[in-house]
Amino acid sequence: MPPALPIPASKLCESCRSARALISRPKTHQKLCKPCFLSTFESEIHATIVSTNLFKQGSRVAIGASGGKDSTVLASVLKTLNERYDYGVEFVLLSIDEGIKGYRDDSLETVKRNAVQYGMELVIVSYEELYGWSMDSVVQSIGKKGNCTYCGVFRRQALDRGAERLGIHHVVTGHNADDIAETVLMNLLRGDLPRLHRCTSIITSSTSSPIARSKPLKYAYEKEIVLYALHKKLDYFSTECIYSPEAFRGSARTLIKALERVRPSAILDIVRSGEAFSRMIPSQAQAPGAEPPQESGAEADSGDGDAGCKNGGAGRSSGGEMRDMERALVAEASGLETPIAPTPCINPGKPKQTKQTPKKIREQKMSNCTRCGYLTSQKLCKACTLLEGLNKNRPKTVVEVEVGIGDEEVSSSLQRGMEAVKLAEEVITG
Amino acid sequence: MGEQQGSSPNGVHYKPVTLDVEFSGGLETLFSNQRSHRIQIPAKDPSEQPANLGFLVHYLCENLMKDKRKELFVLEDRIRPGILVLINDVDWELEGEEGYLIQDDDTILFVSTLHGG
């Protein structure tokens with residue numbers, strides 16, 4: 001049935017000029033109709049993949065799948081692009097079961113459906129099986145303080161081990177532009193130069209992990225990911241982890257969202273700035289043109305992990321941490337580099353020569369954890385170190401953890417405590 | 001048809017506006033865990049202006065939200081940044097955001113993006 005009236009020019013899609021515009025793109029305010037939006041979104045991801053040579057013909061790649069919006073869209077888009085452009089990749093869904101009743105068991109159902117919807121093999125690795133501890137029992141043992149640290153460390157290893165089991169050496173995750181921008185801001189606020197250096201890399205491989213991780217959605221706005229899922233009617237799960245404090249309080253995340261409202265291009269601009277920082281920061285570990293390996297001291301830092309929680313646990317900070325951070329920075333000041341003189345712009349091709357003594361980076365000798373064999377520079381890997389602590393305190397009687405979904409009231413002092421831990425830990429990195 | 005709402009000081013009655021409101025991305029937990037609501041709102045806001053989306057947001061907070069955590073939906077009287085609003089499938093940015101005038105049988109969808117992926 002023909003439309004009764006022609007569509008006014010101001011409401012037309014700016015790309016095809018023939019259909020009604022439904023979407024306003026955050027980064028450019030460009031108005032697009034549904035088909036044009038879907039194809040633009042997909043082509044941009046394809047461009048990211050191609051320009052970084054992300055995939056090799058004939059390889060097997062694991063998609064870190066949580067059932068959430070980012071990993072679901074990631075899986076859907078990768079399947080589409082793989083077929084359309086013949087990447088020749090076999091994608092597998094790799095899901096981690098942290099053992100959180102009322103949260104993870106529900107989202108795993110979503111991943112199982114995704115596996116059928118996208119025709120991908122699904123492998124689920126559980127903390128219980130790997131470590132003998134589910135997150136429910138960890139929280140039961142240590143309470144809600146620092147539990148996100150455990151989860152981040154455990155998750156990183158779990159992803160690696162899951163990939164290894166499948167003979168896979170490349171894991172993709174659904175980190176989006178908002179996540180990266182938030183990480184850049186957080187690292188900036190913390191003055192964490194090594195992490196600032198790493199966090200915008202699209203692919204990271206490291207001496208402390210045999211598995212390469214990449215983020216194909218790195219330049220995709222979170223808003224567009226949600227819109228893509230909506231318009232393609234993708235099946236995803238959207239509830240906060242019941243152990244994380246409410247996401248909405250994260251100050252870096254709130255700042256990003258407020259910025260986006262006022263100046264939507266800010267998110268990508270921050271990502272680009274982060275990439276520029278990365279070239280500016282002197283690093284003995286930076287190989288020319290190659291992916292930067294993880295710096296030393298990474299193992300010594302708590303909760304280091306690319307796999308870090310993408311949930312509400314990310315980017316939390318509150319007033320108290322700024323004070324602690326300042327103290328830490330002052331303590332580090334002796335031997336710190338002289339500040340880099342600001343320049344109007346940085347040419348991408350020319351790494352800036354800085355006149356400072358390069359920070360001494362401790363030599364890291366990689367060997368195997370004496371307990372589990374995982375690659376580590378210490379005697380025990382991070383996860384085993386944490387497990388030692390947990391196992392010492394294991395209660396004799398195992399109490400069934402009854403976690404109500406409505407049980408989201410976290411006292412503000414508990415939250416502050418958790419935020420303090422989270423600032424000290426690595427929850428999202430690149 | 002009974003008209004209970006929206007009488008102005010001089011006694012003129014305005015027919016309430018009927019519309020569908022949908023919540024997704026976790027927001028439904030604030031509204032009795034129900035994704036879809038068919039509601040009626042007054043045609044005019046307290047200052048006699050036609051009901052717009054801004055007014056709808058306030059109305060939802062006052063009348064439909066069963067959860068106390070208003071800040072998950074609104075921040076400083078506006079929709080929280082990070083919540084997408086679609087008016088009959090169209091991005092609210094293309095329809096005037098809070099200034100959009102609500103019409104009968106509109107479908108307003110609120111999708112939260114503020115959760116892990």
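**Exercise 1.** In this predicted model, decide whether B:F73 is buried or exposed.

*Solution.* Start with the relative accessibility of B:F73, which is 0%. Buried means under 20%, so B:F73 counts as buried.

**Exercise 2.** Now look at a partner: what kind of aromatic pair do B:F31 and B:F73 form, and where in chain B do the two residues sit?

*Solution.* First, the ring centres lie 5.4 Å apart, and pairing asks for centres within 6.5 Å. Next, the planes stand at 80 degrees, and an angle over 60 counts as edge-to-face, so this pair is edge-to-face. Then place the residues: B:F31 is in the loop between β1 and β2 (36–41), while B:F73 is in the loop between α1 and β3. With their positions 42 residues apart, the pair links distant parts of the chain. Finally, B:F31 is buried too, at 0% relative accessibility.

**Exercise 3.** How many aromatic pairs are there over all chains, and how do B:F23 and B:F73 pair?

*Solution.* The count over all chains is 14 aromatic pairs. For B:F23 and B:F73, the centres are 6.2 Å apart and the planes meet at 70 degrees, so the pair is edge-to-face. B:F23 belongs to strand β1 (residues 17–24), and B:F73 to the loop between α1 (53–64) and β3 (74–75), 50 residues apart. B:F23 has a relative accessible area of 1%, so B:F23 is buried.

**Exercise 4.** Which residues of chain A do ring pairs link into a cluster?

*Solution.* The cluster is made of A:Y127, A:Y131, A:Y150 and A:F154.

Methods: Residues are numbered from 1 along each chain as its sequence is written. Chains are lettered from A and ligands numbered from 1 in the order in which they are written. This is a predicted model: local features need pLDDT of at least 70, side-chain atom pairs count only at pLDDT 80 or more; totals for chains, interfaces and linings use all residues. Side-chain values use heavy atoms; hydrogens and water are left out. Rings of Phe, Tyr and Trp (its six-membered ring) pair if their centres lie within 6.5 Å; planes under 30 degrees apart count as stacked, over 60 as edge-to-face and the rest as tilted. Helices (H or I, at least four residues) and strands (E, at least two) are DSSP runs, numbered from the N terminus. Buried means under 20% relative accessible area, exposed over 50%, partly exposed in between (1.4 Å probe, protein chains only).
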